[in-house]
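Biologist: I am new to this structure and should like to request a close look at a single part of it. Please choose one contact between two elements, describe it in detail, and then set it within the chain.

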Amino acid sequence: MSEPTPDQLKQVDLRVLTHVVYGLFALGLVTWVFAAATVAAIVIIYVKRGDVAGTVYASHFNWLSYTFWWALLWVLVSLLGTYIFIGYLGLVVTTVWALYRVVKGWLALLEFKTP
């Protein structure tokens, strides 16, 4: 049995890192108390973006990055809408949408696919 090459080890490390990023993102969404976990996931995404360039994991990082920024926009809009009570519905819809995207992306990662 041969030793794994450095490229193979790097792929495994990037896969584990991507799982960690999905986990942090989901933790922050599910428990509003740990919203800092989602921010930590985004920081990791931007710090490691160069390392995942050209790999399947780059699409997962982009997927989560877009999810974060769109969700943040809609949360802010929904918070403004809470003054007329429609914003609460917007917060729920945004949370469900973001959870859907995290689950869809994470399942794609498990199947070695892009989201």
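Modeller: The account below begins with the chain as a whole, turns to the contact between helix 2 and helix 3, and then follows the chain into helix 4.

This is a predicted model, in which local features need pLDDT of at least 70 and side-chain atom pairs count only at pLDDT 80 or more, while totals for chains, interfaces and linings use all residues. Residues are numbered from 1 along each chain as its sequence is written, and side-chain values use heavy atoms, with hydrogens and water left out.

The chain has four helices and zero strands (these are DSSP runs numbered from the N terminus, H or I of at least four residues for a helix and E of at least two for a strand). Read from the N terminus, the order of elements is α-α-α-α. The chain has 115 residues, and 37% of them count as buried (buried means under 20% relative accessible area, exposed over 50%, and partly exposed in between, with a 1.4 Å probe and protein chains only). Among contacts with a separation of 6 or more, 60% join residues 24 or more positions apart (contact means heavy atoms within 4.5 Å).

The part chosen for the close look is the pairing of helix 2, residues 35-52, with helix 3, residues 56-81. Their axes come within 10 Å and cross at roughly 145° (axes are lines fitted to C-alpha atoms, for helices over the stretch in contact, and angles run from 0 to 180 degrees between N-to-C directions). The crossing of helix 2 with helix 3 is left-handed (the near helix is turned anticlockwise from the far one by less than a right angle; clockwise would be right-handed). Helix 2 contributes T38, I42, I44, I45, Y46, K48, R49 and V52 to the contact, and helix 3 contributes Y57, A58, F61, N62, L64, S65, F68 and W69. By class, the contact has 11 nonpolar, three polar and two charged residues (Ala, Val, Leu, Ile, Met, Phe, Trp, Tyr, Cys and Pro count as nonpolar, Asp, Glu, Lys and Arg as charged, and the others, Gly among them, as polar).

Two residues of helix 2 deserve separate mention. T38 counts as buried, because its relative accessibility is 8%. Apart from neighbours within four places in sequence, T38 is in contact with L24, F25, G28, L29 and F68. K48 forms a salt bridge with D51, and their closest N and O atoms are 3.1 Å apart (a salt bridge is a side-chain nitrogen of Lys or Arg within 4 Å of a carboxyl oxygen of Asp or Glu). K48 and D51 are three residues apart in helix 2, so about one helical turn separates them. Both ends of this pair are partly exposed: K48 has 30% relative accessibility, and D51 has a relative accessible area of 35%. Side chains of opposite charge can pair when their charged atoms come close.

Further along helix 3 lies V77, which is partly exposed at 40% relative accessible area. The C-alpha atoms of V77 and G90 are 8.1 Å apart, although 13 residues separate the two in sequence. In the loop between helix 3 and helix 4 stands F85, a residue other than glycine whose phi is positive, near 70°. Most residues other than glycine have a negative phi. F85 is exposed, with a relative accessible area of 64%.

Helix 4 has 24 residues and reaches 34 Å from its first C-alpha to its last, close to the 34 Å expected (the expected span is 1.5 Å times one less than the number of residues). Its buried residues include G90, T95, R101 and L109. T95 has a relative accessible area of 16% and touches L29 and W32, residues up to four places away in sequence not being counted.

After helix 4 comes F112, with a positive phi near 60°; at 60% relative accessibility, F112 counts as exposed. The side chains of E111 and K113 meet in a salt bridge, 3.4 Å from N to O, and K113 is partly exposed at 48%. The whole structure holds two salt bridges.
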